[in-house]
Structure formats: structure tokens, C-alpha cells
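Colleague: I should like to understand one part of this model closely, namely the parallel sheet and whatever packs on it. Please describe that part in full and place its surroundings in the same chain afterwards.

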Amino acid sequence: MLTTIIAIATLAIIFGLVLGFAAIRFKVEGDPIVDKIDSVLPQTQCGQCTFPGCRPYAEAIAKGEADINQCPPGGEAVINELADLLGVDPKPLNEEHGEHTDKTVVYIDEDICIGCTLCIQACPVDAIVGAAKLMHTVIEDECTGCDLCIPVCPVDCIYIKPVTETISTWKWPLPGSSLNAEKESS
Amino acid sequence: MMSMRLWKIFGGLKLPGFKSMSMSQATQPAPLPKTLTLPLKQHIGIDAEPVVKVGDTVLKGQMIATSGNYVSAPVHAPSSGKVTAIKKHRIPHPSGIETDCIIIETDGEERWVECKEHSNYRQLDAKTLRDIIREAGIVGLGGAGFPSFIKLDAGSSNMIDTLILNGAECEPYITCDAMLMQEQSRKVIDGLNIMRHALQAKHCIIAVEDNKRAAHTMLVNALHDHEAEYIDVIQVPTLYPAGGEKQLIKTLTGKEVPSNGLPINIGVVCHNVATAAATATAVLEGKPLISRYVTITGEGVDHPCNLDVLFGTPFSELINLCGRNSHAEQFIMGGPMMGFEISNDDVPVIKTSNCILVKSENPTPDYIMPCIRCGQCAEVCPAQLLPQQLYWYSRAKNFDKTQDYNLFDCIECGCCSYVCPSHIPLVQYFRFAKTEIWTQEQEKEKSDIARQRHEFRQFRMERKKAENEERKRQKRELLKKVNKEKDNSEDAKKAAIEAAMARVKARREAQHTAQENTDNLTDEQKHLIAEIDSRRKKAKDKS
Amino acid sequence: MSDIHSSPYIQNNETISRMMLAVIYALIPGTLVYIHFFGFGVLINIFIAVITAIACEVIILKIRHRPVKPFIYDGTAVLTAILLALALPTLTPWWLAALGAAFAIIIAKHLYGGMGYNPFNPAMVGYAMLLIAFPKEMTAWIPAETHGLNFSDTLNYSLFEILPAGMSYDALTMATPLDSIKTQLSLGYTLDEIHNSSATLFGNIAGYGWEWINIMFLIGGLILIFIKVISWHIPAAMLGSLAFMAMLFNFSDAGSYSSVSFHLFGGAAMLGAFFIATDPVTAAASTKGRLIYGAGIGILIYIIRTWGGYPDAIAFSVLLMNMAVPMIDYYTKPAVFGATGKS
């Protein structure tokens, strides 16, 4: 009886020492999973997930404070990738945070713009060029479609437009037909 | 000509040919249309850039759009006339999207631009020859439209083993290459010689399917004696898709092009026979690529035939010419296996338009049933893929797995869809998967850039805040220092005040030394001035 | 935009219904011989099973909101019902065939997602369920040509379980040739003794009557291979491995292990090889995979027949290999064109 207790206690001490040593010797600085999650997110920086940007959302997911289905611009593709990365089941997009829409960009109506620079301060990726009392304009290639500039504009001169489709960005659609016997017909 | 050993390819289908219907008469040039619409992108690569303006008069063969980037090709005016517009117009593409086109109103005179011939091409080095071919706007006329000069670069080894001219034309209905080989066999061989010189190829093969006997005979007869030593005109078994580049190379040389690789990796280059003929015209006659043979065929035209068509000619004119009838409901550019449907026949003929197929709509399309895993698709796939698995994963949008099963090796030949008993549109699933993967890659790049911009913006805000803090701190320090000095020395203060007053005095004196309007003064005025001056002097001495 | 159809714009004439119809035609010769030897029971069972299967499929499709017409006309339910009925004994009550067919269609096929999605062969699932739930009815076969029952007698029994006067169920039914060999071997007799003991049970090369049925199914199957409805890999692998195992053991001890011809032409071996194991939905997809799948079935049939608890093993062997199919498919991916870089 006594030998059992001593043996198990010794083993516990040995393993404890090994684990403690490994925790210090092999400690990883920072949290690489946050980087991986962040690289999956679409970087729209729109805040629809209730976090102020994609990086904070990534950190929240890593800590377990947020679910993986809160990103509307990412849509199903991002949810599936996050589910794959974290080893959880994918789930449908949480509609409370918004719908997944086609990619859009914004443009400023230059006749109305008064040069107040509020939109420049709002843009999370600095896609609006301009200065005080001078014309503001949106660099379409850099615009992520987050729409954060629209509510701050005092004269409502910013409008949304869909990204123009060209031959090189056109995609073949998924075959869908009323003759598909696999689809529900109700 | 010696008989060569041929290898078998995996899979493939025997399809009904429908070729004799369009080969009954010799190829005629199509009549000159009133309007020519030239898209700026008729090739794989970047759009060409226009070098003419609206209102310019152009000559036949004049360059109207130039190629800036490496993978691009210039566009030339197919006939003389006036540029009436540079605007968006429909082009033959499955999406129906409009792109920029140069629209020329022809004047009927067909005045040629000055052409520079290079009959001495053997003295030119490979790079000069490639530049001539590039400037002539020559792209792969077999259907892909890849700028040909890039495929005439032998690379660092400066020579290749085998140059193959693809005259197989395995798709049903299409006969333009067959007619070209029959009617212009010498030109094809001249083109082959030019390409051989550019690539320094050791061995040359012209491959013809064995259902094109006339073409084979004409080519063999057109060979000069010494040419027969290095050129073989070989008949390959008629099978779809024997004309696929990788499949043809395997049939003729037994070597398989590595998946994700190019034929040049195994020392082989493959060009279409029409490309070779166009090269001969460009180098020997100095004329750029402005027309091609097009097959207009199908049950929707009464007189199916081949025509030599200028680029920019509308499809509708050609179909009317060949006798459009009541069956003309569906228009396909290309063949029935790899072509695409165009909804409206008001599109122009472009460099890659090899065939216009006009047919009636299928009366009772069949239901698309679930996949029964019969495996027939895998038995016919010439790329030895598993279309069934690619279908399951493409449908599930599991794009990583589709790439595990080599999705990008699929040549989209359509054999799998043809045999599927459930009538599943397999090729469309694969095309969907490919474009989705490309879009995802583009979006990933964009989102990486957006993240960098966002991080830089945050860095910039931090930096601004830090700079503000720094400035405030420095000001505070300065104020503190000034206050300290104020308390410590009264003398210093006095000295400062005196120095300030001295400065003011000096400034005032400098203002008053210059007296103006002192000419023509009366005596009274002079006396007044003297009095004022003495009074001022007294005041100054007092202070 | 979703109305864009991509190439190819031509298609061959093969459809699922044509394939299923070809298989049903190929089953006719064997079925006719079956009726000749064992009476009309099998015809009644086929009829009941087909009606039940179609009725169940219509109901389930309506519940699942799927179009009914294409799935009924493609013939897969009919084929499942016919194969199940051919596996049942001939003198059975009507509810046995009906229950089996209903279970096969509803549970084995539609519960897993419908046609194309079921991992297990529906006919074999129905048979296995019946065998385990109703062992008495399922192991009571009648001997060939000696029963004296005509069509109306069989129908009477099927619907009302009434036999003609003077006949009793236990006197009429007996074990199959395979079954009796198994029991007799365990009692210590040798094969020669067993074969000579009963002329009604044993014919020239295998069980009496059964050998002819198997020959006709073999012919039907070869025709199917010739017209390219099924490929040769699965039947060849299955029969090959079964023959190999039989040969091996028969060579070592001819007295206790049946001969090759007995195994190949006995029981439902030919039916299984050409019609049951070749069901495309549940078999392996790649060529190499199919050979492994077929070989696995053959080996399992021999093992269960010789040392297992059941006399005939087609159903269980097929179901066991169905379980292994995803793994077989994963490990037998063929090389892609250009993967090795050499011809």
C-alpha cells in the first residue's frame, strides 16, 4: 500500500517537473492562431461582426468570445474555412449581423462634396484621397465596401455601386435548372 | 515519309463527324461587310491599347491597337475605312458582357498599308523573327488565342526536339483546318519552316486525323524533297479529343506533358496549322493577321460551308449568307463539345472564332438525375482524372479537395458530360469550380493589401498621436524654461526691454532718414520744416 | 444568369432507365428457369415486391418534395424489388416480400438520401433484415420439381397461408443444397456421401435446379458485359477469388470442402456476381478498386459459406464490402495524365 502511494507520488512529481520545464522552455510568444484566423477574414474592417475591425474579431474568436459565423462579407466560404481551421462544425451565417451581399464599392458625388474630411477619417484602409476644403475621391481598387464612410458624411454625397464585372472577373454560375431532379420542387 | 510509331491515349470517344456537310465546296472569301467591330481583347492576356482616334482613316493591315504588356497581341484593321467609334460592344463570350471595341466603317477600297516582306528570314535571329510575328498580331488560331510569339521561344536551351503542327481538328462539325490544309498546304509548310527556324527544332510533325485523307495527300504532295527529311505528315486515329495538345503529344511522341507543366518542359512545341499559315503570310508577305477560315455549319443554315472571313464581320451576316433557315435557334461559337453558346448573333468574328454552329434547341431536354457512380466518366477522361469525385467536391464547394484531384488538369473536353447517363452537366461544375478558385485567390490578394493598408493607417494614427504628444511636451518644456529665466534675473529683463526699445528707435529712424518731396519748396515751407526739425531734435535729446 | 448552359451541347443516348431496363431483360432467362424448377412463387413475390417498392417510392418522394416521375421511370426501384424477390424462398407469405421491399426502399435507399446516395445495396439490406427477423420463413425452401404446387395453390398460400389438403408446411419445405451440405458436414459425413444421398437435392455440378438457374444468370450477365452496361471487373474478380479459394481448399481436402463448380454454380453466386455486386451506386468507383471490391466479396462468400453461421453468404459479403468502399476508393486513386512524367 505504502509503496503504491510513494510510486504514484513520485511519478506525479516527475511528470509535473517535465511539464513545467516544457511550458517554460517551449513557450510560444504571441498567439499564432489569431494570425491564422485573421488571414482567413476578408479584411473589410466594416464592424458588422460587432468588433472594431477584423483583427479584434480574430482575437475574440481565438479567446472563444465570438462565434465563427458573424462575418457577412466573408459569407459561407469564410465560415467553412474557419470551421476547418478550428476543427469545429460549420454553421450558417448569423443573420443578426447582416446578409452576405455581392461585393460593392462606394463613390463620392463630386458636385455635392464639401471637403470636410470626415469620411477620410472614417475609412479604415485610407482609400479616400483628399484634404480639408479640397475634393475628396475614393480609390475604387482599395475600397473594401465596408460603408463606414456613408453615415459620417454630412451632405450624404457617398453612394454604393456594385463592382463592375469584366470578362476577367466573370464567373461560371453553378448549374441550376428546373430540370434538376435533386432540387426540392415545392 | 516514314511511318512512325503511335501511342494510344487513355479514354476519348468516337463521335459522329458531321464534317462532309461543310466541305462540299471550296473556301470563298466572305463579302466585305459595311461595319467591322474589332474587340481589343481577342487573345489570352492583357487588352491591346488603341493607337487610333475616332475619325481617323485607316488602311488595310494598319495597326490600330498595340500590345504593351508581354502577354498581349496587337490588333490590325482588316480593311481600309474610317474609325467611327471606340466603345463597348457585345463580343462572343459566354457571359454576354460588352467590352471595348474599335468600330470601323469600311470604304470598300481595300487599300493596303505598306508591307515589309522578309523572305530572307533564315538570316534573322530568333528574337527578331519573334518580334515580327508579334507585331503581326498572330495568336493561336486553334481556339485558345495565346500570343504565338511566346510559344516560339526555345528558352535557355535554344533548341527543341519536336515541333508539332496540330491539324487533327477532332471536334465534330468543324472543318476550317481541314480546308486550309487542302487548299493552302504549301503555306502551312512555309509557316512550319519559319517556326522551325525560330525554335531550331530537330524534328517536325504535321498531325492529321485519318478521316482527312485529302488534306493528308495535299500536304504530302506539297513537301519539297529535302523537306521530307525532317518533316513527317502523320495520320493519327480519329478519336475525340486526339487534337488536344497534351493528348496529341502523347500520341506522337509517347511522352506525357507533366501535370501543371508545359510541353516545352519535355522539349516539344505544338502550334495549330492555321497559326503556321498566318505566320507564313506575316513573314514572307509582310501582311498582319486580319482574317481566318471560319466554318459556318449546322442544321440552321441551308448551305454550310467554309469562308475566309475578315475579323470584325458580324456573325449574323455570315449566317444569312449561308442561308439561315427556321431551325436557327441556337448559336454556338466553336464546336458542340467545347464551344459556347451566344445569345445574340450580333457579335463579331474574332481571332479565335473557328466555327459558327447554328442548330435548333433541344426539343425535350432530359432531367438531371443524381449521380449513380457508374464510373463511365472516368473511363473516357483523356486526362485520366476522376470526374465523379471532382463533381462531388465542386458541388460541395470543397475547392481544396478539387485541387487534390487535379482540377486544373481538366481540359474541359466534355467527354465525361457526353457519356453521363444521369445527364449531369459535369463540365459546367468544373468551370464553376475553377472560376471560384481564381476569384478566391484574387480576393485573398485584395484582402491582404487591405489588411496592410489598415495596419499602416493604425500605425499612422499612432505616429500622429505620438508626434502631437512630443510637440506638446517640448512646448511645455520651453514654457517652463522661459518662466524660470523670468524669475531669476531682473537685469536680463531690463536689458531685454532696452534692447527692444533700441530696436524700435532704430526702425523709426530708418523710416525718417529718407525725406521725400523736397524739390521746389517755397521759403515759407523750408522755414516750417526747419522749425519742426529743431523741435524734434530737442525732444530726442531729452529722452 | 443561372440559365447559362455550358458545352457540351450534344449527348449520347444512354440514360439510367435504359441501363436498368437492360439489366431487367438480362434477368429474364434466369427467372424463367427459376419458375420452371421451383414454381410460381417467385413470380408472385416479384409482383408483390415491385408494387410495394413503387408505392413506397412515390410516397417517400412526395414527402421529400422531389419530382416523382423521373425517379419512378428510371427503374432502380423496380430492379431492387426484382432482385430481392429472386433472393427469397418461393413459398412465403405475401407480407414477407412486401416488408422486405418496403424496408429496402424506405430505409436502405431514401433514408440515406435517395438514389445515388445509399452506401448499402438496398436489396441486400432488405434480405438481411428479413433473414434476421424471420429466420423460419427465410430458411424454408422447397425442393426442385417435386413439390406439386400449381399457380393457384401458391397464390393461396401467399395470400392466406393455406396449403392444399394433405400437405403440411414442414413436410413440404427443406433446406437448400448449400444448407444441407453444411449441416451434414458438421455431422461428419463426407461430400461424396452427401451428394449421393439425395438425388432431388444435388444435380450434376451443383444443387439440382440451382445449377441451371445459375447458368442462365451467367449468360444474362455476359450479355450485359457485352453491351457495356456493366464492366467485367467486379464479376471476374468475385468469381475468380471464390473459385480460387474453393480450389485451394478442395485440393487440400476434397472430402470436406466443396468443389469449385459447386461454389460457382450453387446458391446465388452468379446472380450476385453479375447483378447484385455490380450495382454502381454501392460498388467501388475506380477500376483497381472494383477488382479489390469483387475479390473481397468472393473471399467473404467462401469464408461465410464454409465456416460462417449462414448457408448462403452473398448478402452479407456484399454488405460488408459496401462498408469498405469509401476506403477502397480513397486508396485506389489512379494516376493522373502527366503525373509521373513518363508514358
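Modeller: Helix 5 of chain B, residues 245-253, is a suitable starting point: this helix lies across strand 9, strand 10, strand 11 and strand 12 of chain B and runs at about 120 degrees to strand 9 of chain B. The model is a predicted one. The four strands beneath this description form an open sheet in chain B with the order 11-10-9-12, and their pairing is parallel. Its edges are strand 11 (231-236) and strand 12 (268-272) of chain B, each of which pairs on one side only. From one strand to the next, the twist averages 25 degrees. Helix 3 of chain B, residues 185-199, also packs on the sheet; it touches strand 9, strand 10 (203-209), strand 11 and strand 12 of chain B, and its direction makes about 150 degrees with that of strand 9 of chain B.

Within the sheet, strand 9 (residues 162-167) and strand 12 of chain B run parallel and are joined by five bridges. One position in this pairing can be named: N166(B) stands opposite N272(B) of strand 12 of chain B. In general, strands of a sheet pair through backbone hydrogen bonds, in either a parallel or an antiparallel arrangement.

The connection that leads to helix 5 deserves attention as well. P241(B) lies in the loop between strand 11 and helix 5 of chain B, and the peptide bond from Y240(B) to P241(B) is cis, with omega near -5 degrees. Most peptide bonds are trans, and most residues other than glycine have a negative phi.

Chain B also contains antiparallel pairings. Strand 3 (residues 49-50) and strand 5 (residues 63-66) of chain B pair in the antiparallel sense over two bridges, and P50(B) has A65(B) in strand 5 of chain B as its bridge partner. Strand 5 of chain B is likewise joined by two bridges to strand 6 (residues 75-76) of chain B, again running antiparallel. There, M63(B) stands opposite H76(B) of strand 6 of chain B.

Finally, a backbone feature is found in the segment before strand 1 (28-29) of chain B, where F18(B) is located. Phi of F18(B) is near 50 degrees, a positive value in a residue other than glycine. Is this residue, F18(B), buried or partly exposed? F18(B) counts as partly exposed because its relative accessibility is 40%.

Terms used
Residues are numbered from 1 along each chain as its sequence is written. Chains are lettered from A and ligands numbered from 1 in the order in which they are written. This is a predicted model: local features need pLDDT of at least 70, side-chain atom pairs count only at pLDDT 80 or more; totals for chains, interfaces and linings use all residues. Side-chain values use heavy atoms; hydrogens and water are left out. Two strands pair if DSSP finds at least two bridges between them. Axes are lines fitted to C-alpha atoms, for helices over the stretch in contact, and angles run from 0 to 180 degrees between N-to-C directions. Contact means heavy atoms within 4.5 Å. Buried means under 20% relative accessible area, exposed over 50%, partly exposed in between (1.4 Å probe, protein chains only).
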